[in-house]
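Work through these exercises with the sequence and the model side by side. Each task is followed by its solution.

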Amino acid sequence: MIQTITAFVTMEVSSVNVDEARESLAFSEYARKRARDDMGRPWLALVLLASLSVVSLSLTDAAASPLGLFWVFAGPLGAGAIALYAYRRNRSSGIDSSPLAYVAITAGLLILAYTAGKVGFAFGVPAVARFGPAIVVAGGYFVLAWIERSWTVAAVSFALLAVTVAIIGFDLSPQQSKALLFGLYGITLLAVGFGMRVGRQQLP
Amino acid sequence: MTHPTSALDDTIHQRVRLGILAVLSESRRADFGYLKEILEVTAGNLSQHLAILEEAGHVQIAKGIEDKRSRTWITVTRKGRAALAAEVATMKALLEGITTAQRA
């Protein structure tokens, strides 16, 4: 009888401890994810807009054209505004992240995109020179989406790939290509704005 | 032979303290108000947990004035990061062991 009671009590204690351990792990995972979400959105937006502008520039006729000038200025200006917003938001929200990882990711994506374009020129393959940057950046977004567990970034990755494939596969006219790129840029802006709005509502 | 639970760190083997280190390990620093809100604890409770972690060398606390209001920023130390990683790994291994034993 005593043995039965002892065994029962041991099982109960063990079960409570296991539940506590599971609960503690789940709670720390929730806190970690929440902190990551609160910090990540603005910097992620910066990466998206900056690199999307560069890709759009490579798919546009010339940097000197009015549309080319739009991509030259819109990207850096948008990224600058978001960086300022992210800095102020982090300070007021009470959780401060280092932008270094995102700056490194953006720089890496831009260097890879630039290199892809140059390789295309060097080997005399205009298609690679024109579409290489978009494909490289779409791949980079896909990796970033997996790291950040972000459906927004994954959607942008697929959309960029789809736009590029549509431009190549259907041999779209420059006007149609521009319309698609503007559409993608607009959708990204909306997604980023919506994502940051949702993030802001979650913040204390 | 030592019991597997002896690998657990008593200082951080606690729900709130584990949460504090988890948040801080993701960020450069977090302020007192943010931690209080996200961990859903009272200011007094959080202060006690932070004092324990600070004494163990897992976190650093810096007080200052920003924009005319006082702020307390908390940063995780290298020791704190390592302790968190070890604790989470130990807990996961223990839970996995228990689950496997229950299935057998």
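Two strands pair if DSSP finds at least two bridges between them. Helices (H or I, at least four residues) and strands (E, at least two) are DSSP runs, numbered from the N terminus. This is a predicted model: local features need pLDDT of at least 70, side-chain atom pairs count only at pLDDT 80 or more, and totals for chains, interfaces and linings use all residues. Residues are numbered from 1 along each chain as its sequence is written, and chains are lettered from A and ligands numbered from 1 in the order in which they are written.

**Exercise 1. Trace the sheet from edge to edge.**

Step 1. Start with β2(B) and β3(B) (residues 69-76): they pair in the antiparallel sense over 8 bridges. In this pair, A62(B) faces W73(B) of β3(B).

Step 2. Cross to the other chain. β1(A) pairs with β1(B) (residues 29-31), again in the antiparallel sense, over 2 bridges. Here D96(A) has R29(B) as its bridge partner.

Step 3. Assemble the order. The sheet is open, has 4 strands and reads β1(A)-β1(B)-β3(B)-β2(B), with antiparallel pairing. β1(A) and β2(B) (59-66) each have a single partner strand, so one side of each lacks a neighbour in the sheet.

**Exercise 2. Which elements of chain A supply at least two residues of the side that touches chain B?**

Step 1. Count the contacts (C-beta atoms, placed from the backbone, within 7 Å). They involve 21 residues of chain A and 21 residues of chain B.

Step 2. Assign them. α1 (2-59) and β1 (95-96) of chain A each supply at least two residues of this side. The largest share, 14 residues, comes from α1(A).

**Exercise 3. Check the length of α3(A), then find its buried residues.**

Step 1. Take the expected span as 1.5 Å times one less than the number of residues. α3(A) (residues 100-122) has 23 residues, so it should span 33 Å; its end C-alpha atoms are 32 Å apart, which agrees.

Step 2. Apply the burial rule. With C-beta atoms placed from the backbone, a residue is buried if 20 or more others lie within 10 Å of its own, exposed if 12 or fewer, and partly exposed in between. In α3(A), the buried residues include Y102(A), I105(A), L109(A) and G117(A). Across the 204 residues of chain A, 33% are buried.

Step 3. Look past the helix. G124(A) follows α3(A) and has a positive phi, near 65 degrees.

Key: Contact = placed C-beta atoms within 7 Å.
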